[in-house]
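This report describes a predicted model. The sequence and structure are shown first, and the description follows.

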Amino acid sequence: MRKAIVATVGIALFGIAPLAMDTAFAQSIPVSSNAETTTDTLPPIGWVQFCSEQPQDCNVASLPEKLAVIDDKKWRQLVRINREVNDAVEPVSDLEHWGTLEKWSYPTDAKGDCEDYVLEKRKRLIEAGWPRQSLLITVVRDRKGDGHAVLTVKTDRGDMILDNQETRIKPWIDTGYRFVKRQSESHPNKWVSLGTPGNGIITANR
């Protein structure tokens with residue numbers, strides 16, 4: 001179990017405009033924290049269904065935990081891919097898109113909901129050479145209390161969140177979300193609860 005670091009240092013950098021973030025030096029990115037994991041839990045039904053249709057993304061070997069190391073090039077690449085996917089995909093609910101309440105898929109027709117943004121970002125980052133173990137699909141409750149999915153990128157600067165509802169990449173602690181569960185670092189089919197035992201939810205405090 002990875003314990004959360006309490007303090008977050010110098011978060012002001014993440015409040016600047018996305019274009020300015022492209023030119024930020026990696027050394028200036030503040031060290032944040034890691035969300036604490038607790039017990040194993042069941043994967044979302046959407047992931048199970050996705051794996052039945054995309055087995056090549058799920059029938060993979062376990063890997064040791066590995067953080068993504070952020071340098072200038074990697075940071076700019078992360079910002080670019082996050083922005084490109086957010087700009088390219090039209091937000092559409094699964095009910096409107098597919099006629100069903102829950103369906104995870106790659107947004108090949110440039111339409112999708114939050115999980116589809118996450119899947120596409122994860123795919124592009126893996127193709128760009130980012131370690132799979134650091135790219136974790138994460139289930140949260142947003143500021144309205146609704147279910148939402150984001151991509152956690154575990155880095156040597158802390159857990160960063162890629163979100164279709166937010167143009168900026170933020171440390172997890174600054175999202176204002178309640179974190180419920182996410183993929184295990186060792187294997188995408190294993191999921192772990194986030195927060196304290198008993199409620200499986202940890203609340204970002206900003």
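## Buried charges and salt bridges

At 17% relative accessibility, Glu166 counts as buried, because the cut-off for that class is under 20% relative accessible area. The side chain of Glu166 forms a salt bridge with that of Arg168, with an N to O distance of 3.0 Å. Elsewhere, Arg80, Glu84, Glu120 and Arg124 are joined into one network by salt bridges that share partners. The whole structure holds nine salt bridges.

Asp159 takes part in two of the bridges described here. One is with Lys154, at 2.8 Å from N to O. Asp159 has a relative accessible area of 0% and is therefore buried; Lys154, also at 0%, is buried too. The other is with Arg182, at 3.4 Å from N to O. This second pair connects distant parts of the chain, since Arg182 lies in strand β8 and Asp159 in strand β6, 23 residues apart. Both Arg182 and Asp159 are buried. In general, side chains of opposite charge can pair when their charged atoms come close.

## Strands β4, β5 and β6

Which strands pair with β5? Strand β4 (residues 135-141) and strand β5 (residues 147-155) run antiparallel and are paired over seven bridges. On the other side of the sequence, β5 pairs with β6 (residues 158-162), again in the antiparallel sense, over five bridges. Eight of the nine residues of β5 are buried, so the strand is largely enclosed by the rest of the structure.

Both pairings are hairpins. Five residues lie between β4 and β5, and in this hairpin Gly145 has a positive phi near 90°. Between β5 and β6 there are two residues, and Thr155 stands opposite Gly158 of β6.

## Thr152

Thr152 belongs to strand β5 and stands opposite Leu136. Its relative accessible area is 2%, so Thr152 is buried. The side chain of Thr152 makes a polar contact of 2.7 Å with the side chain of Thr138.

With neighbours within four places in sequence set aside, the contacts of Thr152 are Ser134, Leu135, Leu136, Thr138, Asp159, Met160, Ile161 and Arg182. Asp159 and Arg182 from this list are the two residues of the 3.4 Å salt bridge described above.

## Strands β1, β8 and β9

Strand β9 (residues 191-194) pairs antiparallel with β1 (residues 37-41) through three bridges. In this pairing Thr41 is opposite Trp191 of β9.

Strand β9 also pairs with β8 (residues 178-183), likewise antiparallel and over three bridges. Here Lys181 is opposite Ser193 of β9.

## Helices α3 and α5

Helix α3 covers residues 72-88, 17 residues in total, and spans 24 Å between its first and last C-alpha, close to the 24 Å expected at 1.5 Å a residue. At its start, a side-chain oxygen of Asp71 comes within 3.3 Å of the backbone nitrogen of Lys73. The buried residues of α3 are Trp75, Gln77, Leu78, Val79, Ile81, Asn82, Val85 and Asn86. As a rule, an α-helix has 3.6 residues a turn, so residues three or four places apart point the same way.

Helix α5 has 14 residues and reaches 20 Å between its end C-alpha atoms, close to the 20 Å expected at 1.5 Å a residue. This helix is mostly covered, with 10 of its 14 residues buried; among them are charged residues including Glu115, Asp116 and Lys121, along with Leu119 and Leu125. After α5 comes Gly129, whose phi is positive, near 100°.

## Nonpolar cores

Which residues of the largest nonpolar core touch the most other members? They are Trp47, Leu78, Leu125 and Trp130, in a core of 30 residues. At least two residues of this core come from each of α2 (45-53), α3, α5, β4, β5 and β6. A second, separate core has nine residues, including Val140, Trp172, Phe179 and Leu194.

Leu78, one of the buried residues of α3, is in contact with Leu125, Trp130, Val153, Leu162 and Ile169, leaving aside its neighbours within four places in sequence. Leu125, one of these contacts, is itself a buried residue of α5.

Conventions
Residues numbered from 1 in each chain as written. Predicted model: local features only at pLDDT ≥ 70, side-chain atom pairs only at ≥ 80, totals over all residues. Heavy atoms only, no water. Helix = DSSP H or I, 4+ residues; strand = E, 2+ residues; numbered from the N terminus. Expected span 1.5 Å × (residues − 1). Buried < 20%, exposed > 50% of the residue type's maximum accessible area, 1.4 Å probe, protein only. Polar contact = N/O pair within 3.5 Å; in protein donor to acceptor, adjacent residues only side chain to side chain. Pairing = 2+ DSSP bridges. Core = buried A, V, L, I, M, F, W, Y, C linked by side-chain atoms within 4.5 Å. Contact = heavy atoms within 4.5 Å. Salt bridge = Lys/Arg side-chain N within 4 Å of Asp/Glu carboxyl O.
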